[in-house]
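Please work through the exercises below with the structure in view, trying each task before reading its solution.

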Amino acid sequence: MIREVKMYEAVCDRCGKSSRTKYKTRDFVDICVEVDENWVKIDNLNYCPDCYEYDKETNEYKPKKKLRNDSTGID
Ligand SMILES: [Zn+2]
């Protein structure tokens with residue numbers, strides 16, 4: 001038999017990539033995806049592992065610079 005199943009996934013606010021893991025409820029997606037796939041939540045936005053870095057000065061994770069001009073680091 002066939003049944004429709006609604007699932008939720010995290011979407012990176014920087015690159016638009018979605019999480020590989022899908023979840024049945026949306027309530028804890030951002031928390032679960034941090035554990036399952038090492039995503040982080042910064043300022044209420046979700047970032048995949050490719051899109052954040054560790055800031056040694058503040059001991060916090062921060063989003064990487066914008067995709068454009070990534071090589072120069074200039075916005
Ligand atoms: Zn990303």
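The exercises that follow concern a predicted model, and each task is followed by a worked solution.

**Exercise 1. Find which protein atoms are the donors of the zinc ion, and work out what arrangement they make.**

Solution. Begin with the atoms themselves: the donors are the SG atoms of C12, C15, C48 and C51, lying 2.3 Å from the zinc ion. Next, consider the angles that these 4 donor atoms subtend around the zinc ion, which run from 107 to 116°. Four donors count as tetrahedral if all angles lie between 85 and 135 degrees, and the arrangement here is therefore tetrahedral. For reference, the ideal angle for four tetrahedral donors is 109.5 degrees.

**Exercise 2. Describe how the donor residues of the zinc ion are spaced in sequence, and which parts of the chain the pair C12 and C51 links.**

Solution. Written as a pattern, the spacing of the donor residues is C-x2-C-x32-C-x2-C. Within this pattern, C12 belongs to the segment before α1 (29-37), whereas C51 belongs to the loop between β2 (45-47) and β3 (52-55), so that the pair, 39 residues apart, links distant parts of the chain. Another pair to examine is R14 and C48, which are 34 residues apart in sequence and 8.1 Å apart in space, taken from C-alpha to C-alpha. R14 is placed in the segment before α1.

**Exercise 3. Decide whether C12, C51, C15 and R14 are buried or partly exposed.**

Solution. The cut-off needed is that buried means under 20% relative accessible area, while exposed means over 50%. C12, with a relative accessible area of 3%, is therefore buried, and C51, at 1%, is buried as well. C15 has a relative accessibility of 36%, so this residue counts as partly exposed. R14, at 18%, counts as buried.

**Exercise 4. State what the phi values of N38 and D43 are near, and where these residues lie.**

Solution. Most residues other than glycine have a negative phi. The phi of N38, however, is positive, near 65°, and N38 lies in the loop between α1 and β1 (40-42). The phi of D43 is also positive, near 50°, and D43 is found in the loop between β1 and β2. D43 is exposed, because its relative accessible area is 72%.

**Exercise 5. Give the volume of the largest pocket and the make-up of its lining.**

Solution. The volume of the largest pocket is about 170 Å³. Its lining is formed by Y8, E9, A10, V11, R26, V29, D30, K41 and N46. Sorted by type, these lining residues divide into 4 nonpolar, 1 polar and 4 charged.

Note on methods
Residues are numbered from 1 along each chain as its sequence is written. This is a predicted model: local features need pLDDT of at least 70, side-chain atom pairs count only at pLDDT 80 or more; totals for chains, interfaces and linings use all residues. Side-chain values use heavy atoms; hydrogens and water are left out. Donors are N, O and S atoms within 2.8 Å of the metal (3.2 Å for Na, K and Ca); water is not among the atoms, so sites may look incomplete. Four donors count as tetrahedral if all angles lie between 85 and 135 degrees; four count as square planar and six as octahedral if opposite donors are over 155 degrees apart and all others between 65 and 115; anything else is irregular. Helices (H or I, at least four residues) and strands (E, at least two) are DSSP runs, numbered from the N terminus. Buried means under 20% relative accessible area, exposed over 50%, partly exposed in between (1.4 Å probe, protein chains only). On a 1 Å grid over the protein atoms alone, a cavity is a set of points where a 1.4 Å probe fits but cannot get out, and a pocket is an open set with protein on both sides within 12 Å along at least five of seven lines; lining residues have an atom within 4 Å of a point. Grid points are joined across faces, edges and corners, and a volume is the space filled by probe spheres set on the points. Ala, Val, Leu, Ile, Met, Phe, Trp, Tyr, Cys and Pro count as nonpolar, Asp, Glu, Lys and Arg as charged, and the others, Gly among them, as polar.
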